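Visitor: Please take one helix of this model and go through it closely, with enough of the rest of the chain to place it.

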Amino acid sequence: MAGWKLKSGSITEYNVSEDRIWAFFNFVFSDSSRKRNTYKFGLIKSLLDNIFNGKAMETGVFYSYEEIFGRFAENYWNLVTKYDLRQMRYDGRSLYSKVEMILMSVVQENSLTKILEFDALDEEIRTKVIKKVTLECKSCVIGALYEDFDGIIYSFNLKETGLILNYCVHDFMLKYKLEIEKLNYYSWAKFLEQINDDSVLIRVIGKLELATPRRKDLSIYREILRKEFEEDNCFYCGNKLQRKIHVDHFIPWSFVKDDKIWNFVLSCPNCNGRKNNRVPKKDYLVKIEERNKKIQLCKNVIIQTDFEEYSDDLLNRMWHYAKLSGIKEFI
């Protein structure tokens with residue numbers, strides 16, 4: 001049976017070497033892996049974007065289909081509605097994949113949505129889109145990527161709520177997150193160049209990198225940290241915060257690509273500017289981990305939601321893998 005037709009699959013091997021995992025990823029990125037559309041690249045990106053949001057299970061790390069394909073829909077929104085980048089080879093019937101048609105139908109119903117970010121769409125519209133995208137991708141891409149990896153990447157059952165990523169693949173994707181991301185962008189861009197007109201291919205790599213909106217409004221986190229936890233001093237230098245207060249991603253956004261309060265600290269403009277795209281020295285890990293033990297006890301809904309998949313060693317692992325990915329240290 002063709003992989004995309006599979007309804008379920010078990011992890012075929014748990015202890016897999018890094019060389020073999022690289023070989024599987026390189027196969028997916030190559031022309032040897034059959035692709036009528038860009039769904040496999042989109043799924044890999046969605047897994048990378050959600051990599052720190054999984055729930056540890058006995059056999060691996062659980063990710064819900066809703067969170068995977070919610071990010072999938074968000075990533076495709078700009079590519080399809082703003083950049084007009086086709087994502088499928090012409091199959092003799094349609095120029096567009098089902099996911100593209102789902103997103104394009106939103107713009108056809110209300111042209112003003114074309115200028116909006118995905119998160120700015122009406123919640124009811126966004127929920128319907130994610131549901132439709134999830135149904136499409138469950139039936140077309142989960143089994144296909146599973147087959148390309150000879151069943152070692154994850155276990156899944158389309159009747160259940162999510163998939164379970166093999167622990168060794170999870171750790172591999174953490175360790176080589178930025179490298180896999182770059183290879184995925186390159187292969188995705190190469191595919192897009194084959195099926196799109198030159199007029200829309202300007203800065204195609206940049207468009208892929210910016211497919212997910214860069215940053216959200218972090219002011220609400222600033223207010224929570226100041227008012228509820230009286231964080232009135234710069235996390236790094238200790239000086240009293242003045243009028244300009246920055247909300248800083250402790251582990252850089254470029255590596256995490258997510259906004260969670262457990263990764264936020266308040267900083268003065270000077271320290272935030274000097275830190276830039278770097279990780280703090282390891283001494284600060286103890287400080288933020290102690291801070292997080294305190295704030296996760298708060299009953300605030302935003303805090304409770306952000307801490308759902310948090311674990312005591314998460315920031316330490318993120319710090320370690322960010323360094324392995326070439327992110328330098330801020331002293």
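Guide: The protein chain has 331 residues, and its radius of gyration of 21 Å agrees with the value near 20 Å for a compact globule of that length (taken over C-alpha atoms; the globule rule is 2.2 Å times the number of residues to the power 0.38). The model is predicted, so local features need pLDDT of at least 70 and side-chain atom pairs count only at pLDDT 80 or more, while totals for chains, interfaces and linings use all residues. Residues are numbered from 1 along each chain as its sequence is written, and side-chain values use heavy atoms, with hydrogens and water left out.

Along its principal axes the C-alpha trace spans about 65 × 50 × 35 Å. The chain has 15 helices and nine strands (DSSP runs numbered from the N terminus: helices are H or I with at least four residues, strands E with at least two). Of the 331 residues, 55% count as buried (under 20% relative accessible area; exposed is over 50%, partly exposed in between, with a 1.4 Å probe and protein chains only). Among contacts (heavy atoms within 4.5 Å) with a separation of 6 or more, 74% join residues 24 or more positions apart.

The helix for the close look is H4, residues 98–109. Its twelve residues reach 17 Å from first C-alpha to last, close to the 16 Å expected at 1.5 Å a residue (1.5 Å times one less than the number of residues). The buried residues of H4 are Val 99, Glu 100, Ile 102, Leu 103, Val 106 and Val 107. They cover an arc of only 165° around the axis, which puts them on the same side of H4 (the arc is that of the directions from the helix axis to the C-beta atoms). The general background is that an α-helix has 3.6 residues a turn, so residues three or four places apart point the same way. On the other side of H4, Gln 108 and Glu 109 are exposed.

What do the buried residues of H4 pack against? Their partners are helix H2 (39–49), helix H3 (65–82) and helix H5 (123–140).

H3 also supplies the largest share, nine residues, of the largest nonpolar core. That core has 109 residues (buried Ala, Val, Leu, Ile, Met, Phe, Trp, Tyr and Cys joined through side-chain atoms within 4.5 Å). Those with the most contacts inside the core are Phe 25, Phe 69, Tyr 154, Ile 180, Phe 250 and Ile 251. Not counting residues up to four places away in sequence, Phe 69 touches Leu 43, Val 133, Thr 134, Cys 137, Lys 138, Val 141 and Ile 142.

Thr 134, one of those partners, sits in H5. With a relative accessible area of 11%, Thr 134 is buried. Beyond four places in sequence, Thr 134 touches Tyr 65 and Glu 66 as well as Phe 69.

In H2, the residue to look at is Asp 49. Its relative accessible area is 2%, so Asp 49 is buried. Leaving aside neighbours within four places in sequence, Asp 49 is in contact with Arg 71, Asn 75, Glu 181, Thr 212, Val 256 and Lys 257.
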